[in-house]
Amino acid sequence: ASHKIGDFLLCFDEADFDYTVFEVELMVNSTKEIPAAEAKILAFATQHGISAARPPRGKLVEYIFRTNPVHYRKLVASGVVQ
């Protein structure tokens, strides 16, 4: 599900293995705009009490984490995932 607030798109990205990631998105026209967009997203999150203590795992990485911990640890050790 997604909702728009101003220029921000708020998305609840759900996987079929009981995992949901909440994302705040802001579209940019060029890579030069990314730092400013990131700052706006962090300000939006702060204003709305949204915490990002650690970046969430994406759906695929979370699936590997849950179903194949040995492979997950190897991905972390090789620097492929955080």
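Here is a walk through this predicted model, from its strands to its helices and the core between them.

Start with the strands. S1 (2-5) and S2 (8-15) pair in the antiparallel sense, with four bridges holding the register. One pairing to look for is Lys 4, whose bridge partner in S2 is Leu 9. The two strands make a hairpin with two residues between them, and Gly 6 in that turn has a positive phi of about 60°.

Carry on along S2 and you get another hairpin, this time with S3 and with three residues in between. Here it's Asp 18 that sits in the turn with a positive phi of about 60°. S2 and S3 also run antiparallel, joined by eight bridges. Leu 9 turns up again here, since its bridge partner in S3 is Glu 25. So Leu 9 is bridged to Lys 4 on one side of the pairing and to Glu 25 on the other.

Next comes helix H1, residues 34-47. With 14 residues at 1.5 Å each, H1 should span 20 Å, and its end C-alpha atoms are indeed 20 Å apart, so the expected and modelled lengths agree. Which residues of H1 are buried? They are Ala 37, Phe 44 and Ala 45. These cover an arc of only 100° around the axis, and therefore lie on the same side of H1. Turn the helix around and the face pointing away from that buried side carries Pro 35, Leu 42, Thr 46 and Gln 47, which are exposed. As for what covers the buried residues, the list includes strands S1, S2 and S3. After H1 you'll find Gly 49, with a positive phi near 70°.

Now put the strands and the helix together. The largest nonpolar core has six residues: Phe 8, Leu 10, Val 24, Leu 26, Ala 37 and Phe 44. S2, S3 and H1 are the elements that give two or more residues to it. Leu 26 is a handy place to look around from: leaving out residues up to four places away in sequence, it touches Asp 7, Phe 8, Ala 37, Lys 40 and Ile 41. Two of those names, Phe 8 and Ala 37, are core members too.

Last stop is helix H2 (residues 59-67), home of Glu 62. Is Glu 62 buried or exposed? Its relative accessible area is 5%, so Glu 62 counts as buried, the cut-off being under 20%. Setting aside neighbours within four places in sequence, Glu 62 is in contact with Phe 17, Tyr 19 and Arg 57.

Key
Residues numbered from 1 in each chain as written. Predicted model: local features only at pLDDT ≥ 70, side-chain atom pairs only at ≥ 80, totals over all residues. Heavy atoms only, no water. Expected span 1.5 Å × (residues − 1). Buried < 20%, exposed > 50% of the residue type's maximum accessible area, 1.4 Å probe, protein only. Arc of directions from axis to C-beta. Contact = heavy atoms within 4.5 Å. Core = buried A, V, L, I, M, F, W, Y, C linked by side-chain atoms within 4.5 Å. Pairing = 2+ DSSP bridges.
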